[in-house]
Amino acid sequence: MTETSVPELEAILLVGGQGTRLRPLTLGTPKPLLPTAGVPFLAHQLAQARAAGVRRIVFATSYRAEMFREAFGDGSRFGLTLEYMTEETPLGTGGAIRNAAEALTCGPDAPVVVLNGDILSGHDIADQVAWHVGRGAAVTLHLTEVDDPSRFGCVPTDDEGRVTAFLEKTPNPVTNRINAGCYVFTRSVIDSIPEGEVVSVERETFPGLIEAGALVLGYADASYWLDVGTPAAFVKGSRDLVLGRLASPALPGPAGDLLALPGAVISPEAKVAEGATVGARAVVEAGAKVTGSVLGDDCVIEAGAIVADSVVGTGARVASGAVLRDAVIGDGAVIGPGNELLAGSRVWPGVVLPECAVRFSSDV
């Protein structure tokens, strides 16, 4: 499908969540704005939407709503027009979509893309839109295939791609396809969602459309897909973008073993690899080892420290001899010498851990 086949394609971007699973990273920053492979997470989604032909996006905001406008403004530098609609009280996925739709300009028969602000996906949005328009569907859902669908609700389809049900988590799922969180709605279907009410599209809107006989399609593929809602997934997403496992026009540099932002200082005697990002003005001293991790701006990794698959917040310091594996360190925290933080450890912003305060093994 060419960009011109759906003129002025519009989208709604759902970014209202508080990101509680990612605390302490989200205590002061909404999840979609967390630095991911060198730029705010949403920058990757905006660039992908732009490449798919989207020209106007309405942000459906709630938590720290003002920060999205501060980060992205009117969208001109992304080649987009951005609008912002804020929920005063949480309205659920359907209510948020309905609230944001007040800022749409398209007619009742136009397709509207709905994106979730915590998903990295390599699927072809333009092709999903073309399939939706070509079939005259009410809604077309992106479906992705997972190894263990028992952890998710699954979405079975018939031989022609029509969604037949939305099934809750079950130990014996009938398909490995799940709802991947990118929808194409016909505008009039959004307008049929009750205004100002709490509505779930997954539990109410989609099942209701199916029961009423409306055409709900599943656009299934097996391309890259990741929900970045947990620290481990967030680190993986950033790492995969840096390594080029998922291409992004927003990546601020070529894909490769590491991404160093302006002003970063990495000693020639340090090892930084496996898709690590080193933030602006961050310092990695001689003998330090940083792999697959996200280092925030102005942080310091001292000589001999080990940081693997972890997040180190802005202005934080990891002292010599400290070991971080699958850990999250809040902004401005200090990890003293000899600390060993493993397996999902989280340190809140500004906390200072004295020498050898936390150990997972007895050797020092």
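1. A residue counts as buried when its relative accessible area is under 20%. Keep that cut-off in mind for Ser345. The model is predicted. Ser345 has a relative accessibility of 14%, so Ser345 counts as buried.

2. Where does Ser345 sit? Its place is the loop between strand 26 (340-341) and strand 27 (346-347). Its side chain reaches the backbone oxygen of Leu342, at 2.6 Å. Leaving aside residues up to four places away in sequence, Ser345 touches Asp326, Ala327, Val328 and Phe360.

3. Now the sheet. Seven strands form an open sheet with mixed pairing. Their order is 5-4-1-6-9-8-10. Which strands stand at the edges? They are strand 5 (81-86) and strand 10 (216-221). Each has a single partner strand, so one side of each is left without a neighbour in the sheet. On average, neighbouring strands of this sheet are turned by 25° against each other, direction ignored.

4. Take one pair from that sheet. Strand 1 (residues 9-15) and strand 4 (residues 54-61) pair in the parallel sense. Seven bridges join them. Leu13 stands opposite Phe59 in strand 4.

5. Two helices deserve a look against these strands. Helix 3 (residues 92-100) lies across strand 1, strand 4, strand 5, strand 6 (111-116) and strand 9 (177-186). Helix 3 runs at about 135° to strand 1. Helix 6 (residues 201-211) also packs on the sheet. Helix 6 touches strand 8 (139-145), strand 9 and strand 10. The direction of helix 6 makes about 65° with that of strand 9.

6. Next, the nonpolar cores. How many residues does the largest one have? The largest nonpolar core has 39 residues. Ile57, Phe59 and Val113 have the most contacts inside it. Phe59 is also the residue that Leu13 stands opposite. Apart from this core lies another, of 28 residues. Among its members are Ala96, Cys106, Val201 and Val216.

7. Val113 merits its own point. Not counting residues up to four places away in sequence, Val113 touches Leu9, Glu10, Ala11, Ile12, Val54, Ile125, Val129, Cys182, Tyr183 and Val184.

8. Helix 1 (residues 41-51) is mostly covered. Eight of its eleven residues are buried. They are Phe41, Leu42, Ala43, His44, Gln45, Leu46, Ala47 and Ala49. Just after helix 1 comes Gly53, with a positive phi of about 105°.

9. Helix 7 (residues 231-243) has 13 residues. From first C-alpha to last, helix 7 reaches 18 Å, close to the 18 Å expected at 1.5 Å a residue. Is helix 7 mostly covered or mostly exposed? Helix 7 is mostly covered, with ten of its 13 residues buried. These buried residues include charged and polar names such as Ser238, Arg239 and Asp240, alongside Phe234, Val235 and Leu241. Gly244 follows helix 7, and its phi is positive, near 85°.

10. Finish with one residue of helix 7, Gly237. Why does Gly237 count as buried? Its relative accessibility is 0%, so Gly237 counts as buried. Gly237 and Leu226 are eleven residues apart in sequence. In space, Gly237 and Leu226 are 7.1 Å apart, C-alpha to C-alpha. Gly237 touches Leu120, Tyr224 and Leu226, again not counting residues up to four places away in sequence.

How values were computed
Residues are numbered from 1 along each chain as its sequence is written. This is a predicted model: local features need pLDDT of at least 70, side-chain atom pairs count only at pLDDT 80 or more; totals for chains, interfaces and linings use all residues. Side-chain values use heavy atoms; hydrogens and water are left out. Helices (H or I, at least four residues) and strands (E, at least two) are DSSP runs, numbered from the N terminus. The expected span of a helix is 1.5 Å times one less than its number of residues. Buried means under 20% relative accessible area, exposed over 50%, partly exposed in between (1.4 Å probe, protein chains only). A nonpolar core is a set of buried Ala, Val, Leu, Ile, Met, Phe, Trp, Tyr and Cys residues joined through side-chain atoms within 4.5 Å. Contact means heavy atoms within 4.5 Å. Two strands pair if DSSP finds at least two bridges between them. Axes are lines fitted to C-alpha atoms, for helices over the stretch in contact, and angles run from 0 to 180 degrees between N-to-C directions. A polar contact is a pair of N or O atoms within 3.5 Å; within protein, one must be able to donate a hydrogen and the other to accept it, and residues adjacent in sequence count only if both atoms are side-chain atoms.
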